[in-house]
Amino acid sequence: MAMGTRFHRHGLIRPTLAGLMLTAAGAVCCFAGLLLDDRTLMDAVVAIAVVMVCSLGFIIAQWFGWLALGSPEAVRQIEQRDQNGKVTARLTGKVPERRGLYLTVGVEVRWRSPLGLFAARKILPAQGETLRLPDVQERTAHGASGVDRHRAGASQSELSGGVRAYVPGDPLKLISWRHTAHRGELMTRESSRDTRATAVFVINTIDVTPEQLDAEVNALMPWVHAVRQHGTRTTSERLIISDGVHSHEGIEAVERFLAAVQVMPSAVKPHDHAADAADDPSADAPSAAARAATIGRLAMNSHGLVRIIACDASDDQALASALRRLPTADDTTMLDAPVLRQDETATYRTIDLTPVRSAFDLHAGRTASRVETRAPRGIRHRLAAIMPGIAGAVALMFFFGAALKGVSGLMSPPRMWMWFAAALFALIAVDTAVGYALGVLWPKPRVSSSSSQTQPRSSVVRLRDTRPVARLAGFAAITLIAAALLTVIQLRTQLGAIWQSTQYGDAPSTVPGKLSASFNAFTVAFETGFDELNLQLPPLNVSERSDLFLTVLIAAIAMVIRVILVWRASIPVMAVLPVVALAADYALAGHAAPLWAIGLVVGAFPCALWAAFPQQVHGGAGFAVPSGARMQAGGAHQPGRVAASRRFAMPAVALDASPLLAAALAVAVTLPLTGPAYELAYRVPLSIGEGGGMFTSNTVSPMIDLKRNITAGSSATVLTYQAYKRLYLRLTSLDDFNGDTWGYDQDFALDAGLYGSGIQLGRDSDNELTRRQRFSFSPLAAYMDVYGYRGYNVATTSSDTMERFMVNANIRIGAFKSRFLPVPSGVTDVEGAGGDWLQYQDGTIYNRENGTSTDTRYMAYGTVIDPITNAQGFSQLSTIVDARNDIMSDDSQVSDAQREAWSRARRNLPNTGLGEIDGDFLLVRVRIGADGAVTGPSGWDLGSVSGKDSGEVTTAQGQRYTVPGSIAFNKTVISQLGLGKDDYYLGDGSGG
């Protein structure tokens, strides 16, 4: 019986575990592709869909016989029936080792699609009838025949040439002395008065246990076996079996009844038809006397000699007692029926009454003790056998190559680590092909459990295949040696100094000390390389130390991949590497995956499935065997391969080419659909959770985000504003350039949690911006503040004065999501947005946690210069120059030499500890005494407060301070630094 196989009534096509996993991977790629708008992920979805459809189409073609099957399994479906014809059990596989009548009603054919993604089972009708009866020892059978011969006479084994064995009562004149002398026992000549003898076998099926019933069958089997063994030359004896309810005549009927008989329920009465009796559970069970009377009538109605052989293993022996009270008691022999002990095992023999007929031929199972070492013969067959291994190696090379292409976009330049990775991955691919070829051309010996029990333990151990372990150990050794050599090459300067002791006076002199120092040098270089990469944003710049770190990392990754590839089914899993690498290259660095890389990965994936499930493509069998074909008889039925047919010559060729066909279709469909899939990803607004909105992702570069949104476009109203003139609104500034792309300022990214801040577990107070970094005051805003244009609540503006740059806007957010507020370019203040909106020194208004929401309203104030689109646009700058000249406290002209001297003096203040330079500003921290005196660092006398106070300010800690209206510097400060002569000074806040 095939373990773990259920009896099925209907066929089925279903996805395999590999198919379900691939479907789940497709769903993940679809979600990630829509989320990141990445064409690599979207192409992966298309390719997976095409491969799944191809696999489904292949298995449907196999179902209807248009395509051959690859290594199918055919399993018999068996029903066990009792003496009433009722089904008592349904089984699959071999006939079980227990007594019973087994009818083969069908054959279940199971196979997988050529790519291993779908599995099918098809139920074909079949016919066959098999008996499983207890085996009988020859000595027991001869003894039974002897007893029967003396009591009944006319045993078929003794009848030959018109004589038979002597029976008491035979006339002396009928004794054949010649045959008696020849045989050594009395023999009687037959006369015309001799008639057929009748043997009636009686078995009790009511009020017994199944074990007792089996004991009764075991007791009767020697008698039945004697008839079958010795009664083939004559039919002079009539055989009948009965349990008082059913009666059957003939040797085959007797054996069939003994095989099928089961314990009858005690609520069934005898009926003329067994089926009617079985369908009448409400009737009373026939008594032992009634069953004995039925058996007595059956015996008395027989002509000639009658012999009753009865067996009753029930506890009360009711049927045996009733038989002894019959007139035929003298002709009745009661047999003992001992129940087998628990430590005894019954043996059975098989009788095929009807050979199994099906639309399939099943090969007989191989001998259990046989060691299988068969390999394909002939060059053509060998090449065909190793083709899946070659396809898997090519697929792995394509996967690894595309993955390295994606990684090279994230890290550059391609130093030694890249060539090391390419060499290791190529070695992995070649080793995979070599391992497959070794397994096919020189298969490892396999010994079944039965043979291993008869062989010495040491011989069984020697038969185990150690080649995979040896190859894995060899690869590990090569990887470690190569990584060590590359490490020595990269650290040759430090190691040379340590071992030659030429550069460092404190270099160790002992070998253990040199080894320790070498290891410390490696550790320092390794940690430094990691830190250099960790502090960068993609694309990463790989230095020499980073090259060392990546070399060690590549060696570890290659070892892990090699261990995973020990399982051949993991070859398709390697397709994850290029997909992730190419998608990450686009998401983090903005490099779109080239179509050639996508095509290689897509085309290699069906070949990887071929390598993972090669047995599904090797075969050539199909539903073509005539319905009259027979299964081999006996108990050797095992799941086997379906026989091939000439009709499936072309379908078999198509089966061999199915992976290549799937690869071609996947490439042909996926590449043209790259553009539409890419557009679909753009049009589907998908995000994880609420999301930060435009330009506020901490994993996607803002340049990439900007490109996507500009390309995608939208017809929705994102915001409305009300102002006295048309405005250009801004979100933020990308003021950091790393040589490849623009990004946020590092301090700003850390405070706001934007791209460039890395992975942060919670908020670190050290990353928060200072009050000075939140101070936003452009030169134009400073001039306008000094000139008196404060408040910006003017109804009209003059184009001839500084009023032309004043702006205020009432803004309402619509379908716009971002953690930045749209504001005028020179914003100085925002009212009504909420206290969780913060300001950066470049004028960016941002929120650390939340973003904008529909119907957010606020008022923004600032200064705006109209965009200059032609030469006349520069004329507006003259207004600023005029305002600047008016601000100067001294109307006299200042020479360029004097300006240069003042600039040098101001820039020298940080060296003296009297000031700080922050961008374009000179900062001097001052104290204002109660008398209004203004004092700088080290008691530097700057001047005094003049004019009215300009108001109060509140610090981040909640303290309030009065800000002076202006400061009158003393003459010494003015002459040394030129304060008020060529620039404007600002004073604001506490502590600076």
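Two strands count as paired if DSSP finds at least two bridges between them. In this predicted model, strand E9 (residues 237-242) clears that bar with E10: three bridges join them, and the two run antiparallel. One of the matches puts Ile241 together with its bridge partner, His248 in E10.

That pair belongs to something wider. E9 and E10 sit in an open sheet of five strands, ordered E10-E9-E8-E11-E12, and the pairing in this sheet is mixed. At the edges are strand E10 (247-249) and strand E12 (332-335), each of which pairs on one side only. Going from one strand to the next, the twist averages 20 degrees. As a reminder, strands of a sheet pair through backbone hydrogen bonds, either parallel or antiparallel. The sheet also has a helix lying across part of it: H6 (residues 251-260) crosses strand E8 (197-203), E9 and E10, and runs at about 25 degrees to E9.

Zooming out, the protein chain holds 27 helices and 33 strands. Of its 992 residues, 43% count as buried. The accessible surface adds up to about 51,200 Å², and carbon and sulfur atoms own 56% of that. Looking at contacts in the chain with a separation of 6 or more, 72% are between residues 24 or more positions apart.

Another strand worth a visit is E5 (residues 118-134), which is mostly covered, with 14 of its 17 residues buried. What does E5 pair with in the antiparallel sense over twelve bridges? The partner is strand E4 (residues 100-112), and one of the matches sets Arg112 against Ala119 in E5. E4 and E5 make a hairpin with five residues between them, and in the turn Gly116 has a positive phi of about 75 degrees. Strand E1 (residues 12-15) is also joined to E5, through four bridges and again antiparallel; here Leu12 stands opposite Arg121.

Lys122 lies in strand E5 too. Is Lys122 buried or exposed? Buried means under 20% relative accessible area, and Lys122 comes in at 18%, so this lysine counts as buried. Its C-alpha atom is separated by 9.4 Å from that of Ala74, although the two residues are 48 apart along the chain.

Then there are the nonpolar cores. In soluble globular proteins, nonpolar side chains tend to be buried together. The largest nonpolar core here has 79 residues, and those with the most contacts inside it are Leu117, Leu396, Phe399, Phe425 and Ile428. Leaving out residues up to four places away in sequence, Leu396 touches Ala429, Thr432, Leu565, Ile571 and Met574. Apart from this core lies another, made of 32 residues, among them Leu131, Leu220, Phe257 and Ala259.

Finally, a helix. H16 (residues 511-534) has 24 residues and reaches 34 Å from its first C-alpha to its last, close to the 34 Å expected at 1.5 Å a residue. Which residues of H16 are buried? They are Lys514, Ala517, Ser518, Ala521, Ala525, Gly529 and Leu533. An α-helix has 3.6 residues a turn, so residues three or four places apart point the same way. The cover over the buried residues of H16 includes helix H15 (492-500), strand E15 (540-541) and helix H17 (544-564).

Technical notes: Residues are numbered from 1 along each chain as its sequence is written. This is a predicted model: local features need pLDDT of at least 70, side-chain atom pairs count only at pLDDT 80 or more; totals for chains, interfaces and linings use all residues. Side-chain values use heavy atoms; hydrogens and water are left out. Buried means under 20% relative accessible area, exposed over 50%, partly exposed in between (1.4 Å probe, protein chains only). Contact means heavy atoms within 4.5 Å. Accessible areas come from the Shrake-Rupley method with a 1.4 Å probe; for residues, only the protein chains shown count as cover. A nonpolar core is a set of buried Ala, Val, Leu, Ile, Met, Phe, Trp, Tyr and Cys residues joined through side-chain atoms within 4.5 Å. The expected span of a helix is 1.5 Å times one less than its number of residues. Axes are lines fitted to C-alpha atoms, for helices over the stretch in contact, and angles run from 0 to 180 degrees between N-to-C directions.
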